[in-house]
Amino acid sequence: LGDQMPEIEAAHAVTMVMGAPSRAKTVKLREQPSIGEIIGQLRKVEEELPRLAAEDFSGEFAMVARSPWKAGAPPTAAAGWSLTRTNSNLTACGQSLSLRDVLPIFG
């Protein structure tokens, strides 16, 4: 879970170094959220976590705020958010990395 791309990229880089059968499932949260938005996003993650953990794949997801007129829910409610699979290529590169390749990611 994170609201910045370096957090998401680091999770996938470590998974690639560890190799099979390791999996990474990342959730990109809204950047600079209000306290209410943080609460709503974490409530949605809590709802979705069992489903995500049960799947045998690596994947990237993003939190998307639903339009208030469609959801009828405040930002603090899980119903105010949806978890959407993203089309990023982080997990699709299939390249093997050594620890030497990954260490610069962590500065």
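This report describes the sheet, the helices and the nonpolar core of a predicted model.

## The sheet

Three strands make up an open sheet, arranged in the order β1-β2-β3, and their pairing is mixed. The edges are held by β1 (25-28) and β3 (81-85); each has a single partner strand, so one side of each is left without a neighbour in the sheet. On average, neighbouring strands of this sheet are turned by 25 degrees against each other, direction ignored.

## Strand pairing

The mixed character of the sheet can be followed pair by pair. Between β1 and β2 the pairing is parallel and runs over four bridges. Within this pair, Lys25 has Gly59 of β2 as its bridge partner.

Strand β2, which spans residues 59-65, pairs with β3 in the antiparallel sense, over five bridges. Here Phe61 is bridged to Arg85 in β3, and Ala65 has Trp81 of β3 as its bridge partner.

## Helices on the sheet

Two helices, α1 and α2, are described here as they pack on the sheet. Helix α1 (residues 5-18) touches β1 and β2, and its direction makes about 175 degrees with that of β1. Helix α2 (residues 35-54) touches β1, β2 and β3, and its direction makes about 50 degrees with that of β3.

Helix α2 also belongs to the connection between two strands: the chain crosses from β1 through α2 to β2. This β-α-β crossover is left-handed.

## Burial and the nonpolar core

How many of the seven residues of β2 are buried? Five are, and β2 is therefore largely enclosed by the rest of the structure.

The largest nonpolar core has nine residues in all: Val27, Leu29, Val45, Leu52, Phe57, Phe61, Met63, Trp81 and Leu83. Each of α2, β2 and β3 supplies at least two residues of this core. In soluble globular proteins, nonpolar side chains tend to be buried together.

Leu52, one of the core residues, illustrates the contacts made across the structure. With residues up to four places away in sequence not counted, Leu52 touches Lys25, Val27, Phe61 and Leu83. Among these partners, Val27, Phe61 and Leu83 are themselves listed in the core, while Lys25 is the residue whose bridge partner in β2 is Gly59. Phe61, in turn, is the residue bridged to Arg85 in β3.

How values were computed
Residues numbered from 1 in each chain as written. Predicted model: local features only at pLDDT ≥ 70, side-chain atom pairs only at ≥ 80, totals over all residues. Heavy atoms only, no water. Pairing = 2+ DSSP bridges. Axes fitted to C-alpha atoms, helices over the stretch in contact; angles between N-to-C directions. Contact = heavy atoms within 4.5 Å. Buried < 20%, exposed > 50% of the residue type's maximum accessible area, 1.4 Å probe, protein only. Right-handed = clockwise from strand over helix to strand, strands pointing away. Core = buried A, V, L, I, M, F, W, Y, C linked by side-chain atoms within 4.5 Å.
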